[in-house]
Amino acid sequence: MKFSQFPSNVKLRIICGFFDHAAGMSVMPFMVLYIADELGKVTSGILLSVNVIFGLICGLCGGYFADRFSRKGQLVAGQLLFAVLIILMTIFIHPAINQPWLVTLFFMLTAVSNAMIFPALEALIIDSTTEEMRKSVYVTTYWTNNLATAIGTAIGGLFYKDHRIFLFICIIMIMLINTAIFKRYLVDPTVNKVRKVVETHWVRDLFSSYQVALRDTRFVVFTSAMIFVFSAEFALTNYIGVHLHNVFKPIDLFGVHVDGVRMMSILLIENTLLVVSITFLVAKLTEKQNQVYVLLLGTFLYTAGYGLAHHLTTWYLLVIVIFFATVGELMQTPIISVFQAKLMPEDKRASYIAFSSLGYSGAGLVASSGLIIGVVLNSMMMSIYVIIMGLIGMLLFYLAVHTRIFKQPIPE
């Protein structure tokens, strides 16, 4: 399906999301460096770990409220809150004021705005699309997000150090413009639905809402598969980066001196460029194939590639395995999103979306634990460990989407 055939909500999501994401990536990743420089590495590490947990809790609340109230209203409020937080960060990060503790507080509070925006927006997109068009929508969204990441990161790398305030002002303008566009043009398909009357306290109802997701064995297995599989890629900036930094022998590659840190950067750049350049080609080649088998093959290439990268230290072998890992990523990612949407009950989509964020949070924690496990295991054993994790993830995906061993049927 072509972009011109997408529903208006999807077009708004893709276009506004591109500018949102590019603007955010021009500053937000570099805030970790600012916090570490100003507050110290230990303090920043503790605060960022707390922020992961805080963000997860906020996400669960955001999903619950997006199912209870207006998704469009929550989205617009989240956008405005994010703009306000960026304005406050811009004021207190200015060299003439520079209050790092306040900046860090406002940075951590962006988890609240993100929790309001993400479940509501993603649920709106699922509400606005049919199953037949979702793979095309997710492929296009995935491509634009990666392009925005590449552009935003490049802009941030060039201008963050010397033109930080200018970048913050650009983010504020983009967020306010996008908020006005969403307010004016976004359509909430659920706005006229009768809302469930809740007689218990909202906290108790929140827990009961997520108990439904927890009792959905098929969805829990699917989310668990995401934890096992995605932890392989997240390791690139954790164990793999540290491993290359310690053991990679510096080389001169096409006249450029490449050490372990630069080698990791090359692999990240390779991943991004491949995603931007061949996403639609991979989608075209796999669209006629059995989607379950494409998912499983993609997962195998993905985890095998990143698994081998835990051990290899030869530059061209690393480039080759990351190539196959990225192809696997392009094969599996849109299909995971399609099946995920298919497994969500219509009246609890935002809650399920928020619950599924455990897949990414869990993967991040597993990838981080690789640094601890790597103290005990050598690189070859770590490689085997990651591949075994990927195979477990493959099995769980297969059980969740292709078998009928669960009481919950796969929705038609």
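Which residues does Phe 397 touch, not counting residues up to four places away in sequence? In this predicted model, the list consists of Phe 222, Ala 225, Met 226, Val 229, Leu 295, Leu 296, Thr 299 and Ile 336. Phe 397 is also a good place to begin a tour of the interior, since this residue, together with Phe 222, Leu 244 and Leu 318, touches the most other members of the largest nonpolar core. That core has 57 residues. Its main contributor is helix H13, spanning residues 315–342, which gives the most to the core with twelve residues. A second core, separate from this one, holds 25 residues, among them Tyr 34, Leu 39, Phe 106 and Met 108.

The helices themselves can be examined one at a time. Helix H9 covers residues 217–234 and contains Thr 223. The relative accessibility of Thr 223 is 4%, so this residue counts as buried, the cut-off for that class being under 20%. Leaving aside residues up to four places away in sequence, Thr 223 is in contact with Phe 355, Ser 356, Leu 358 and Gly 359.

Helix H12, made up of the 19 residues 291–309, allows a simple check of its length. A rise of 1.5 Å a residue leads to an expected span of 27 Å, and the C-alpha atoms at its two ends are 27 Å apart, so expectation and model agree. At the start of H12, Asn 290 places a side-chain oxygen within 2.9 Å of the backbone nitrogen of Val 292.

Aromatic rings offer another view of the fold. A pair of aromatic rings is described by how far apart the centres are and by the angle of the planes. Eight aromatic pairs are found in the structure. In one of them, Phe 92 and Phe 106 have ring centres 5.9 Å apart and planes at 35 degrees, so this pair is classed as tilted. Phe 92 belongs to helix H4 (residues 71–93) and Phe 106 to helix H5 (residues 100–128), so the pair ties together parts that are 14 residues apart in sequence. The two partners fall into separate accessibility classes: Phe 92, at 22% relative accessibility, counts as partly exposed, whereas Phe 106, at 11%, counts as buried.

Phe 323 and Phe 324 form an edge-to-face pair, with 5.5 Å from centre to centre and 80 degrees between the planes. Here Phe 323 counts as partly exposed at 35% relative accessibility, and Phe 324 counts as partly exposed at 41%. Elsewhere, ring pairs link Phe 230, Tyr 302 and Tyr 306 into a cluster.

The loop between H4 and H5 is the setting for Asn 98. Most residues other than glycine have a negative phi. Asn 98 has a positive phi of about 35 degrees, although it is not a glycine. With a relative accessibility of 25%, Asn 98 counts as partly exposed.

Finally, the cysteines deserve a brief look. A disulfide is a covalent bond joining the sulfur atoms of two cysteines. With a cut-off of 2.5 Å between the sulfur atoms, the count of disulfides comes to zero. Cys 16, at 4% relative accessibility, counts as buried, while Cys 170, at 28%, counts as partly exposed.

Notes:
Residues are numbered from 1 along each chain as its sequence is written. This is a predicted model: local features need pLDDT of at least 70, side-chain atom pairs count only at pLDDT 80 or more; totals for chains, interfaces and linings use all residues. Side-chain values use heavy atoms; hydrogens and water are left out. A nonpolar core is a set of buried Ala, Val, Leu, Ile, Met, Phe, Trp, Tyr and Cys residues joined through side-chain atoms within 4.5 Å. Buried means under 20% relative accessible area, exposed over 50%, partly exposed in between (1.4 Å probe, protein chains only). Helices (H or I, at least four residues) and strands (E, at least two) are DSSP runs, numbered from the N terminus. Contact means heavy atoms within 4.5 Å. The expected span of a helix is 1.5 Å times one less than its number of residues. A polar contact is a pair of N or O atoms within 3.5 Å; within protein, one must be able to donate a hydrogen and the other to accept it, and residues adjacent in sequence count only if both atoms are side-chain atoms. Rings of Phe, Tyr and Trp (its six-membered ring) pair if their centres lie within 6.5 Å; planes under 30 degrees apart count as stacked, over 60 as edge-to-face and the rest as tilted.
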